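Q: Could you take a close look at one part of this model for me, the sheet and the helices that pack on it? I would enjoy a connected walk through it.

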Amino acid sequence: SREVMDKAMDKALNFLWANAPLNHKLDKKYLSTIEKNKSILGDVIKVAQNRINAVLYGPTGEEITKDLELADKTCLITGANSGIGLEMTRCLSARGCAVLMACRNTYAAGAGARAQSMWENNHRLRLYETNLASLRSVKKCCDQILQAEKKIDIVILNAGVFGLPWTLTVDMLETSFQVNYLSQIYMLKNIEQILAPDARVVFITSESHRSLIPTEDVVSLPESKYTSIKAYNISKLCGILAMRYLSYCWLKTSKSVFCAHPGSFVKTRLCRNWQPYELLYTLMAPFSKNVKQAASTPLYCATSPALAGLSNLYFKECARAEPSELAQDSHLAFRLHDLTEDIIRDRTRILTPEEVKLDERI
Ligand SMILES: NC(=O)c1ccc[n+]([C@@H]2O[C@H](COP(=O)([O-])OP(=O)(O)OC[C@H]3O[C@@H](n4cnc5c(N)ncnc54)[C@H](OP(=O)(O)O)[C@@H]3O)[C@@H](O)[C@H]2O)c1
């Protein structure tokens, strides 16, 4: 890694310095030459590392979008305040795209955008607050979007949680299932009326959807059946099945829907909920895509002109791939849709006065 190389370089230079002839030790010119060589060598190593990294782990999001002109587009990104979401926001903003950052913490989103120098004088970056662990919060956010925005061309459903202990949301659903899948479907449903005729929707999913056992039929896991990996994998499988259902609904339209796997073990805040995951992601970082590279496949799906007229496709490494057999099961996709509708209907129905009282007491 860069750190190891820097340390080795410092050692080598210290050795040279210690063994240099005395008159050279006093020669400031000699010292500045060493420093200059060090910085040149450092730059060469940096370039070489970037090249090796690019060959091994693919292009960056910036490289994927560099030739695009997106000034007439508006993109909604969930979880845009950190990690891959923030990097996608940066790349799209740089191409002139208006980005609606739908985030749990708009202060963090503003700070993230400022840290990436994309906030100042950028009126095309807009913040919307939503907590995906609450359908009420999602609805409120969508109402605000509908009030302020005229059309949305791209939707990137990116927000996600991983490694949580078993918890229920205010809607009494297992948290990973609701945050990673259900609430984002609900959001899409609520903003569908302002989607552009040729809109693209991208679900950020994961290769880990493959490790599910085909008999799995519970989506919002009860505590007795819960492991955080299983819950995460189910939520990602649900995303791919939702793509399948949506592409069927949009068959006679120009709207399209894709799924993108950004890369595995990308070191972001995703692994922050459990220390062993954090350690694993840190150890894997030199052998994985970095955040800039992880943004490439989702951005390819969201913007590439090469995908015009296509839909219902799963991508990794900016190339088409087959999702698991279970993820290609149309019957399951329809069943999941019905279940999703039932859950949303049940959780968002108007409460009776007695239920309101009970709700307020809780
Ligand atoms: N990193 C990887 O190796 C990897 C691999 C495969 C797939 N993915 C997928 O890539 C996507 C982006 O993840 P990342 O790696 O960039 O992780 P990240 O930095 O943790 O980003 C996740 C985003 O989701 C948001 N989020 C979490 N819970 C939320 C809630 N209740 N309401 C609203 N927003 C919420 C987070 O907001 P807060 O900052 O407020 O928590 C954050 O902005 C996820 O869908 C993840 O599953 C990542």
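**The sheet and its helices**

A: Let's start with one pair: L100 has R126 in β3 as its bridge partner. Residue numbers count from 1 along each chain as its sequence is written. The model is predicted, so local features need pLDDT of at least 70 and side-chain atom pairs count only at pLDDT 80 or more, while totals for chains, interfaces and linings use all residues, and side-chain values use heavy atoms, with hydrogens and water left out.

Strand β2 (residues 98-103) runs parallel to β3, and 5 bridges join the two. Strands here are DSSP runs of E with at least two residues, helices are runs of H or I with at least four, and both are numbered from the N terminus; two strands pair if DSSP finds at least two bridges between them.

Stepping back, the open sheet has 8 strands in the order β3-β2-β1-β4-β5-β6-β7-β8, with mixed pairing. Because β3 (125-129) and β8 (319-321) are at the edges with a single partner strand each, one side of each has no neighbour in the sheet. From one strand to the next, the twist averages 25°; axes are lines fitted to C-alpha atoms, for helices over the stretch in contact, and angles between N-to-C directions run from 0 to 180 degrees.

Now for the helices. Helix α7 (residues 135-148) lies across β1 (74-78), β2, β3 and β4 (152-157), at about 150° to β3. Helix α8 (residues 175-191) also packs on the sheet, touching β1, β2, β4 and β5 (195-204), and its direction makes about 170° with that of β4. Contact means heavy atoms within 4.5 Å.
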